[in-house]
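The following paragraphs explain selected side-chain contacts and annotated segments. Please consult the sequence and the model shown here while reading.

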Amino acid sequence: MQKTIPGCFFQQMYSSLTGILMERDHMKDLRRYLALKYIQYLVLSSSHALSTLLGLLGSVYTMITLQSAKVSSKSTAVLISSLAKADMLVLVSLLLQAGLWTSSASVSPAAALARNLLTANAHLSCVLLSCVALEAYLITFLPTESRHLRTVRNARMASRLIWLLVAAECALFQADDLLTAGGASAPTHGPWALLSPLPSRAAALLRSLSYILGILLRIFNVYIYYKIFFSVSNRSRLKSK
C-alpha cells in the first residue's frame, strides 16, 4: 500500500503540470521566446551569462511546447524548433569549458572547439531569426502570393541547409585553429607550398564575411519589423475610424 502512494503522487503532479501547459497560450510563449532570442543575438553586442542561461531555459521550454498538440505544425514552428535546437551547441560548449576548467592536460583543441561551437550557435541563431522575420514580412504583405513558399517542407530544407553551411564553417574554423596551435612550419617548395596557406586565408575571409553579414542581418531585421509595425498600426487606425 505504501508503494502505491509515491506513484499516485507523481501521476497527479504530472497531470497538474500537463494541465498547466495545456491551458497556457503557446503562441504568446513563442513570441516571448523569439523576443528573447532577438535581444540575445541581434541587440546585445556580446553574450552574457544571464542572457545565455535564459536562452537555454527558453529553448528547453520551447522544445517541450512545440511537442504540444495545440501547436500547429507550420513553417514558422519548424524554424523556431531549429532555433531552439541550436542552443544544444551552447550546452556542449559549456560542458567542454567545464571539462577544461577541471583538467590540467593540454586541451587546446577542446578550447578551440568550445569557442567555435559558440560562434556556430550565434550564426545559426542570427540566420534562423532572419528567416522568421522574412516569413513574418511575407505573411503581412504577401500572404496569398507567398503561400507556396511558406511550407513545412521548404522550412525544413532551409533549416537543413543553414545547419550544413554553419557546420562547414565551424569545421573550417576548427581546422584553422588546430593548424595554428600545432605550429608546424609550412612547406616552402612544391605544390603544398601553394595549398598550405589556404585554410587560414579561407578562415580569415570567412570571419570577415560573417562579421559583415551579421551587421546586414541586424539592419534587415530592424527594417522588416519597422515595416510590419507601421503596417499593423495603420490598419488598426483605419479600423478604428
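**Charged pairs, aromatic contacts and annotated segments**

Aspartate 29 is buried, at a relative accessible area of 9%. The model discussed here is a predicted one. The partner of aspartate 29 is arginine 32, and their side chains form a salt bridge with an N to O distance of 2.9 Å. Arginine 32, by contrast, is exposed, with a relative accessible area of 52%; the cut-offs behind these words are under 20% for buried and over 50% for exposed. Both residues belong to helix 2 (residues 26–43), where three residues, about one turn of the helix, separate them.

In general terms, side chains of opposite charge can pair when their charged atoms come close. Across the whole structure, five salt bridges are found. Another of them joins lysine 37 to aspartate 87, with 2.6 Å between the closest N and O atoms. This pair links distant parts of the chain, since lysine 37 is in helix 2 and aspartate 87 is in helix 5 (residues 87–102), 50 residues apart. Lysine 37 is buried, its relative accessible area being 0%, and aspartate 87 is likewise classed as buried, at 4%.

A further salt bridge is made by the side chains of arginine 115 and aspartate 177, at 3.4 Å from N to O. Because arginine 115 lies in helix 6 and aspartate 177 in helix 7 (residues 152–182), the pair ties together parts 62 residues apart in sequence. Arginine 115 is partly exposed at 46% relative accessibility, whereas aspartate 177 is buried at 15%. Both take part in a network of salt bridges that links Arg115, Asp176, Asp177 and Arg207.

Arginine 207 also leads to the aromatic side chains: its charged end sits over the ring of phenylalanine 173, 4.2 Å from the ring centre. Similarly, lysine 227 lies over the face of phenylalanine 141, at 5.9 Å from the centre of that ring.

Contacts between the rings themselves come next. A pair of aromatic rings is described by the distance of the centres and the angle of the planes. The structure has four aromatic pairs. One of these is formed by tyrosine 137 and phenylalanine 141, with 4.7 Å from centre to centre and 40° between the planes, a tilted arrangement. The two residues are four positions apart in helix 6 (residues 108–141), about one turn of the helix. Tyrosine 137 is partly exposed, with 23% relative accessible area, and phenylalanine 141 is also partly exposed, at 29%. Elsewhere, Tyr226, Phe229 and Phe230 make up one aromatic cluster.

The nonpolar surface offers another view. A patch of about 810 Å² is made by Leu205, Leu209, Tyr211, Ile212, Leu213, Ile215, Leu216 and Ile219. Leucine 213, one of these residues, is located in helix 9 (residues 198–240) and is partly exposed, with a relative accessible area of 43%.

Finally, the annotation may be set beside the model. An unreviewed UniProt entry lists residues 38–64, 76–100, 120–140, 161–184 and 204–226 under "transmembrane region". Over residues 204–226 the model is 100% helix and 0% strand, and the C-alpha atoms at the two ends are 34 Å apart. For residues 76–100, the corresponding values are 96% helix and 0% strand, with 37 Å between the end C-alpha atoms.

Conventions
Residues are numbered from 1 along each chain as its sequence is written. This is a predicted model: local features need pLDDT of at least 70, side-chain atom pairs count only at pLDDT 80 or more; totals for chains, interfaces and linings use all residues. Side-chain values use heavy atoms; hydrogens and water are left out. Rings of Phe, Tyr and Trp (its six-membered ring) pair if their centres lie within 6.5 Å; planes under 30 degrees apart count as stacked, over 60 as edge-to-face and the rest as tilted. Buried means under 20% relative accessible area, exposed over 50%, partly exposed in between (1.4 Å probe, protein chains only). A charge sits over a ring if NZ of Lys or CZ of Arg is within 6 Å of the ring centre and within 35 degrees of the ring normal. Patches are made of residues with over 30% relative accessible area and no salt bridge: like charges are joined within 9 Å, nonpolar side chains (Val, Leu, Ile, Met, Phe, Trp, Tyr) within 5 Å. Accessible areas come from the Shrake-Rupley method with a 1.4 Å probe; for residues, only the protein chains shown count as cover. A salt bridge is a side-chain nitrogen of Lys or Arg within 4 Å of a carboxyl oxygen of Asp or Glu. UniProt positions are given in the numbering used here, feature names are shortened, and annotations may be inferred rather than shown by experiment.
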